[in-house]
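Hi there,

Here is the structure I promised to pass on to you. Have a look at it first, and then read on for what turned up in it.

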Amino acid sequence: MLLLATSMVLLIASIILLGKTIVYYRGVKRLLETGLKPIGKARKRYVVFTALCEERVSQRDVENAISETMKKHYGVSIYRKASPQVILYDESTGRGVVRVLHAYTSYLIATLGLTKRAGGKNCLIAPIKTTGTLRKAREILSKSKI
Amino acid sequence: MCAGCIFLKPRVFVDSFVRKCNTRLLNIAWIIGYRALSCEELEVGGDLGKSIDSPRVLRKIVISSNSVSEVRNKLAGVNYKSMFVTVEPLSMEVARWSAHDTRVDTILITSRNTELFDKRQLGIMKYYSKPLEIPIPYLLGEDGAESALYRRIRLYASSRVPLVISSMATHWHELIHPYSLLKFLKLSYDIPERIGLLTVSDIPWFIISRKEGV
């Protein structure tokens, strides 16, 4: 009988303690919250382009030329955030795809137009289309006539 | 209306100032979307610009002077009805005079004459709807004084003076894709894409379409 009474008292005490802990935890959590929105997932865009060059240029040359032009006109901070990468490039046709962070697509398109030299050769890079998936970018790449 | 819908309407992109036109430059210009060019020097003759897959070509003359009488004399020997006439004023008198002369199609702003484009000049150019031509090398800051240009472009664009952007290209690789140009104007000079589009399409095309032989 005594054992039963003791266990009942302990159970009630543990329930009260749990309630107090939850209230305390919520208070601490509210203090830690800064009211800022969580950083969203970085979305990407794929820009299909064509490089019209006087001679063949490699993928590395095109990527370096785009990077240098972006740094020159918009600065290193924009370049770091945009992080343009040439992920597909066909040397024979000069067509390729650049991946960029979605918020910096305009910077990339402007940069492509301003790029005049790649690998020491005169080049003119023309953006063709911007897509949200690599699959669609590949389709455009194969269908493009430029 | 969606933001990108302005590009759905087919546009005639025009480059209103190319220094040297040759076959290669014309082919590249056609590929990247230009349908009319205004060339200072033509390196090929014959039926240039008359074929289906080649842009229309108009001769261009640029008159740089600091005296009104000199500009008048040069204009007297120019067939302005079939040529694109641009004046680069080097003095205040020439700037004011060329703003109201009907033979002058555009007024060129360069690093040599930026200070001439003040509010009074703006008023005259707005009254006579005289377009202000801005070469891309100057926009890119290759000549220096970009901040002065930025202030003037903002002032003139906000006052609805027609603007014309030209490449001033000597070689084919100096051309710039019109879509890239719009983005560049938006990012570097805060010109909205809707106004930027007019500077490379409707405004220069309106000038060129008035000329004979186009």
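A good place to begin: how many residues of chain B are in contact with chain A, and how many of chain A with chain B? Keep in mind as you read that this is a predicted model. On the chain B side there are 17 residues in contact, and they meet 15 residues of chain A. Two helices of chain B, H1 (23–32) and H7, each supply at least two residues of the side that touches chain A. H7(B) gives the most to that side, with 7 residues. By class, the side of chain B that touches chain A holds 10 nonpolar, 4 polar and 3 charged residues.

Since H7(B) has come up, let me stay with chain B for a moment. Helix H7 (residues 178–189) of chain B also packs against helix H8 (residues 193–200) of chain B: their axes come within 9 Å and cross at roughly 135°. H7(B) and H8(B) are therefore oblique to each other, and the crossing of H7(B) past H8(B) is right-handed. From H7(B), the contact is made by B:Pro178, B:Leu181, B:Leu182, B:Leu185 and B:Lys186, while H8(B) brings B:Glu193, B:Gly196, B:Leu197 and B:Val200. Of the residues in this contact, 6 are nonpolar, 1 is polar and 2 are charged.

Chain B also has an open sheet of 7 strands, in the order E1-E2-E3-E4-E5-E6-E7, with parallel pairing. Its edge strands are E1 (13–21) and E7 (163–166) of chain B, each of which pairs on one side only. On average, neighbouring strands of this sheet are turned by 35° against each other, direction ignored. At the E1 edge, 6 bridges join E1(B) to strand E2 (residues 34–42) of chain B, and the two run parallel. If you would like a pair to look for, B:Phe13 has B:Tyr34 in E2(B) as its bridge partner.

Now over to chain A. This chain is divided into domain 1 (1–36) and domain 2 (44–143), and the C-alpha centres of the two domains lie 59 Å apart.

The sheet in chain A is open as well, with 5 strands in the order E2-E3-E1-E5-E4 and antiparallel pairing. Strands E2 (85–89) and E4 (117–118) of chain A stand at the edges with a single partner strand each, so one side of each has no neighbour in the sheet. E2(A) pairs with E3(A) over 4 antiparallel bridges, and A:Tyr89 stands opposite A:Gly96 in E3(A). These two strands form a hairpin with 5 residues between them, and A:Gly94 in the turn has a positive phi of about 80°. Strand E3 (residues 95–101) of chain A is also joined by 7 bridges to strand E1 (residues 44–53) of chain A, again antiparallel. There, A:Arg45 has A:Val100 in E3(A) as its bridge partner.

Last, a helix pair in chain A. Helix H2 (residues 59–82) and helix H3 (residues 105–114) of chain A pack at an angle of about 165°, with their axes 9 Å apart. That makes H2(A) roughly antiparallel to H3(A), and H2(A) passes H3(A) in a left-handed crossing. Among the residues that meet there are A:Ile66, A:Met70 and A:Ile78 in H2(A) and A:Tyr107, A:Leu108 and A:Leu112 in H3(A). The contact of H2(A) with H3(A) has 9 nonpolar, 3 polar and no charged residues.

Best wishes

Methods:
Residues numbered from 1 in each chain as written. Chains lettered and ligands numbered in written order. Predicted model: local features only at pLDDT ≥ 70, side-chain atom pairs only at ≥ 80, totals over all residues. Domains from an automatic or database assignment. Axes fitted to C-alpha atoms, helices over the stretch in contact; angles between N-to-C directions. Parallel < 35°, antiparallel > 145°, perpendicular 65-115°, else oblique. Left-handed = near helix turned anticlockwise from the far one by under 90°. Contact = placed C-beta atoms within 7 Å. Nonpolar A, V, L, I, M, F, W, Y, C, P; charged D, E, K, R; others polar. Pairing = 2+ DSSP bridges.
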